[in-house]
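Colleague: Could you take one part of this model and go through it closely? Please put it in the context of its surroundings, and tell me where to be careful.

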Amino acid sequence: MLPLVASLTDIDDRGCHYSATVVNMRSSRLLAILMELTRLPRTTVATLAERYGVSSRTIQRDISVLHEMGVPVWTRTGPAGGVGLVEGWRSPITGMTAPELQALIIGEAGARGLGLHTDFETARLKMLTTNAAQVETVEPAQERFLIDNERWFAEPEHPAALPEVARAVWSGRRLTIDYRRPGREQAPRRRLLDPLGLVLKTDSWYLVAAHRRSLRTYRLSRVRSAVVHEEEAWRPTGFSLAEHWADSRAAFEASIHTVPVRLSIEMTSVDALRDAVPGVDVDAAVASAGTESGRVQLELLMESLEIAAAQLLTVPGVAVEEPAELRRRLFERGQDLVARHRPGGSPPQASAGGRRGA
């Protein structure tokens with residue numbers, strides 16, 4: 001089975017991660033769907049979901065991935081709708097090498113990071129040249145749509161250890177890394193790992209591995225060196241990278257959202273609250289909320305008091321009822337803002353020591 005890399009979010013010092021889409025091992029299902037669509041003139045999302053034991057939403061994401069690979073999948077709604085391939089299209093998969101097929105399934109961003117960009121381009125050209133009827137459809141789409149996975153105002157990471165780590169993942173061999181924990185001054189710690197999978201989040205790479213048969217996550221930019229061994233790596237029976245990532249995400253979010261906050265807002269501020277507190281299910285809180293004097297009364301689990309204060313300051317009309325310490329912090333910040341931005345007043349001047357006046 002070939003690994004398919006999807007986007008993820010950041011991971012903290014303890015090896016946990018914030019909200020994410022998963023890096024998974026669904027390439028076999030993608031190929032099976034492609035073969036089935038090649039065989040059948042038409043099917044439905046529900047039929048595919050039932051056949052492969054996944055949700056309809058998962059099948060819809062798979063169809064999007066096939067689109068990105070250049071496969072001309074059509075979808076229609078209504079009684080005569082369903083899912084199918086453009087008539088006359090033939091799959092070029094049998095004419096691809098293993099690295100080309102891997103690169104195509106991983107996608108351009110992941111293939112570039114793994115040193116498979118040439119294989120990706122070759123596979124893409126094979127997709128086009130094998131299906132001349134599709135060239136007129138795919139090439140205009142490439143000129144009109146671009147997926148940019150890199151963050152704003154940041155240089156993408158280029159971990160020096162990525163090639164060796166990827167080789168260990170592909171080959172199923174054990175791996176020794178020198179890993180520096182963030183905020184630590186001491187020398188990097190050496191770890192002998194059983195690699196289980198690679199994760200690409202936007203433009204940052206992560207390694208999921210077992211250390212002494214305990215699952216951990218390592219950010220590759222913190223790996224100072226990596227050595228692949230001939231010894232075969234251990235892999236937990238029935239291990240699913242997708243399920244592991246989903247479970248880790250749920251556990252981490254539960255661990256950081258521990259501060260109960262009771263507040264009220266106008267309905268017009270719901271979108272602002274949703275933007276201000278990522279990772280918190282604001283919609284669920286609104287659905288179960290009551291109203292008083294035309295305001296929505298919400299109860300949320302948030303992060304630390306400091307983070308909650310910074311987030312809620314951006315929400316128009318928010319009124320925190322509990323906890324009292326959070327109310328105090330918001331009051332003090334509000335007073336400071338008023339003092340520094342009073343109309344007609346002058347901005348505070350920096351003192352000789354670099355401190356600001358009151």
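Modeller: One definition first. A charge sits over a ring if NZ of Lys or CZ of Arg is within 6 Å of the ring centre and within 35 degrees of the ring normal. R76 and W74 fit that description: the charged end of R76 sits over the W74 ring, 4.0 Å from its centre.

Keep in mind that this is a predicted model. The protein chain has an average pLDDT of 77, and 77% of the residues reach at least 70. Confidence is highest in strand β3, residues 173-179, with a mean of 95. It is lowest in helix α7, residues 132-144, with a mean of 53.

The part I would look at is the sheet that contains β3. Five strands make up this open sheet, in the order β6-β5-β4-β3-β7. The pairing is antiparallel. At the edges are β6 (214-219) and β7 (223-232), each of which pairs on one side only. On average, neighbouring strands are turned by 40 degrees against each other, direction ignored.

Go inside the sheet next. Strand β4 covers residues 189-201, and strand β5 covers residues 204-211. Seven bridges join the two in the antiparallel sense. Within that pairing, L200 stands opposite W205 of β5.

Two helices pack on this sheet. Helix α8, residues 162-171, touches β3, β4, β5 and β7. Its direction makes about 85 degrees with that of β4. Helix α9 touches β4, β5 and β6. The direction of α9 makes about 100 degrees with that of β5.

H244 gives a residue-level view of α9. H244 lies in this helix, which spans residues 241-256. The cut-off for buried is under 20% relative accessible area. H244 has 15% relative accessibility, so it counts as buried. Beyond its neighbours within four places in sequence, H244 contacts V208, L215 and F239.

Now the aromatic side chains. The whole structure yields one aromatic pair. Its members are Y179 and Y218, set edge-to-face, with 5.0 Å centre to centre and 85 degrees between the planes. The pair links distant parts of the chain: Y179 is in strand β3, Y218 is in strand β6, and they are 39 residues apart. Both Y179 and Y218 are buried.

Some further strand pairing belongs in the picture. Strand β8 (residues 259-265) runs antiparallel to strand β10 (residues 295-302), and seven bridges join them. V261 has L300 of β10 as its bridge partner. Strand β9, residues 290-292, also pairs with β10, antiparallel over three bridges. Here E292 has R295 as its bridge partner in β10. β9 and β10 form a hairpin with two residues between them. In that turn, S293 has a positive phi of about 55 degrees.

Last, the places for care. Over residues 1-25, pLDDT stays under 50. The model still has 88 contacts beyond four places in sequence for that stretch. Residues 354-358 also stay under 50 in pLDDT, and the model has 10 such contacts for them.

Key. Residues are numbered from 1 along each chain as its sequence is written. This is a predicted model: local features need pLDDT of at least 70, side-chain atom pairs count only at pLDDT 80 or more; totals for chains, interfaces and linings use all residues. Side-chain values use heavy atoms; hydrogens and water are left out. pLDDT is the predictor's confidence in each residue, from 0 to 100. Helices (H or I, at least four residues) and strands (E, at least two) are DSSP runs, numbered from the N terminus. Contact means heavy atoms within 4.5 Å. Buried means under 20% relative accessible area, exposed over 50%, partly exposed in between (1.4 Å probe, protein chains only). Two strands pair if DSSP finds at least two bridges between them. Axes are lines fitted to C-alpha atoms, for helices over the stretch in contact, and angles run from 0 to 180 degrees between N-to-C directions. Rings of Phe, Tyr and Trp (its six-membered ring) pair if their centres lie within 6.5 Å; planes under 30 degrees apart count as stacked, over 60 as edge-to-face and the rest as tilted.
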